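The exercises below are meant to be worked through with the sequence and the coordinates side by side. Each one sets a task and then gives a solution that proceeds step by step.

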Amino acid sequence: MKDENCIFCKIADGKIPTEKIFENDKVVAFRDIDPQAPTHVLVIPREHFASSSQVEDDSIFGDLVGSAVKIAKDLGLDESGYRMVINTGKQGGQSVPHLHLHLLAGRNLGWPPG
Ligand code: AMP
């Protein structure tokens, strides 16, 4: 399913140009437009889910995390480390209503998050 008004659906379909760094039949990964770390990549499913709460087939989470781990390896982040985050809903800090995983790296990331 797609949502024709969804910005990430448009990115996945190539209707909005982005620096894509990985894609397969399930997911697309591209650089965040407002990076919060030296490396900030978003991994999204091609299919539209408004948030993680809307997912019915859990296998998409394996696709997102597995792709992020592969991207991290390809970008040489294994040794220095990285963080994967899925913001969900209002208090989770989600601003774009299309499921996405943040891959952040390149600086010391604080904990707990703000
Ligand atoms: P969240 O706050 O978890 O929903 O994250 C949404 C992310 O999408 C933010 O980090 C935004 O900077 C990013 N974002 C929004 N629009 C675009 C875009 N057109 N291209 C790349 N990243 C975007």
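**Exercise 1. Decide whether His-40 is buried, partly exposed or exposed, and describe its surroundings.**

Step 1. The relative accessibility of His-40 is 5%, and buried means under 20% relative accessible area, so His-40 counts as buried. The model is a predicted one, and this value, like those that follow, is computed from it.

Step 2. Place the residue in the fold: His-40 belongs to strand 3, which spans residues 39-45 and is one of the elements that give two or more residues to the lining of the largest pocket.

Step 3. Look for a polar partner of the side chain. A polar atom of the His-40 side chain is found 3.0 Å from the backbone nitrogen of Gln-36.

Step 4. Set aside the neighbours within four places in sequence and list the contacts that remain. His-40 is then in contact with Phe-30, Arg-31, Asp-32, Asp-34 and Pro-35, and also with His-102, Leu-103 and Leu-104.

**Exercise 2. Describe the largest pocket by its volume, its central residues, and the elements and classes that make up its lining.**

Step 1. The space in the largest pocket comes to about 790 Å³.

Step 2. Its lining consists of 32 residues, of which Asp-32, Gln-36, His-40, Asn-87 and His-102 are the closest to the centre.

Step 3. Two or more lining residues come from each of helix 1 (7-12), strand 2 (27-31), strand 3 (39-45), strand 4 (83-85) and strand 5 (101-105). Helix 1 supplies the largest share, which is three residues.

Step 4. Sorted by class, the lining holds 13 nonpolar and 13 polar residues, together with six charged ones.

**Exercise 3. Work out which residues are closest to the ligand, and which polar atoms they place beside its oxygen and nitrogen atoms.**

Step 1. The ligand is surrounded by 17 residues, and the closest of these are Asp-32, Asn-87, Ser-95, His-100 and His-102.

Step 2. Take the oxygen atoms of the ligand. An N or O atom in the side chain of Asp-32 is 2.5 Å from a ligand oxygen atom, and a polar side-chain atom of His-102 is 2.8 Å from an oxygen atom of the ligand.

Step 3. Turn to nitrogen. A ligand nitrogen atom lies 3.1 Å from a backbone N or O atom of Ile-33.

Step 4. Return to the pocket: Asp-32, Asn-87 and His-102 were also listed among the residues closest to the centre of the largest pocket.

**Exercise 4. Describe the settings of Leu-99 and His-100, and state for each whether it is buried or exposed.**

Step 1. Leu-99 is part of the loop between strand 4 and strand 5, and His-100 is placed in the loop between strand 4 and strand 5 as well.

Step 2. With a relative accessibility of 1%, Leu-99 counts as buried, and His-100, with a relative accessible area of 5%, is buried too.

Step 3. Beyond its neighbours within four places in sequence, Leu-99 is in contact with a set of residues that includes Ile-44, Pro-45, Phe-49, Val-55, Ile-60, Phe-61, Leu-64 and Ile-86.

Step 4. Under the same exclusion of sequence neighbours within four places, His-100 is in contact with Phe-8, Leu-42, Val-43, Ile-44, Val-85, Ile-86 and Gln-94. Its side chain also reaches the backbone oxygen of His-98, at 2.6 Å.

**Exercise 5. Establish why Arg-31 and Val-65 are classed as partly exposed, and list their contacts.**

Step 1. The partly exposed class lies between under 20% and over 50% relative accessible area. Arg-31, at 29%, therefore counts as partly exposed, and so does Val-65, at 36%.

Step 2. Arg-31 is located in strand 2, whereas Val-65 is located in helix 2, which covers residues 59-74.

Step 3. When residues up to four places away in sequence are not counted, Arg-31 touches Glu-19, Ile-21, Thr-39, His-40, Val-41 and Leu-75, while Val-65 touches Met-84 and Leu-101.

Step 4. For a distance along the chain and in space, take Arg-31 and Leu-103, which are 72 residues apart in sequence and have C-alpha atoms 9.5 Å apart.

Terms used: Residues are numbered from 1 along each chain as its sequence is written. This is a predicted model: local features need pLDDT of at least 70, side-chain atom pairs count only at pLDDT 80 or more; totals for chains, interfaces and linings use all residues. Side-chain values use heavy atoms; hydrogens and water are left out. On a 1 Å grid over the protein atoms alone, a cavity is a set of points where a 1.4 Å probe fits but cannot get out, and a pocket is an open set with protein on both sides within 12 Å along at least five of seven lines; lining residues have an atom within 4 Å of a point. Grid points are joined across faces, edges and corners, and a volume is the space filled by probe spheres set on the points. Helices (H or I, at least four residues) and strands (E, at least two) are DSSP runs, numbered from the N terminus. Ala, Val, Leu, Ile, Met, Phe, Trp, Tyr, Cys and Pro count as nonpolar, Asp, Glu, Lys and Arg as charged, and the others, Gly among them, as polar. Buried means under 20% relative accessible area, exposed over 50%, partly exposed in between (1.4 Å probe, protein chains only). A polar contact is a pair of N or O atoms within 3.5 Å; within protein, one must be able to donate a hydrogen and the other to accept it, and residues adjacent in sequence count only if both atoms are side-chain atoms. Contact means heavy atoms within 4.5 Å. A residue is near a molecule or strand if one of its heavy atoms lies within 4 Å of it.
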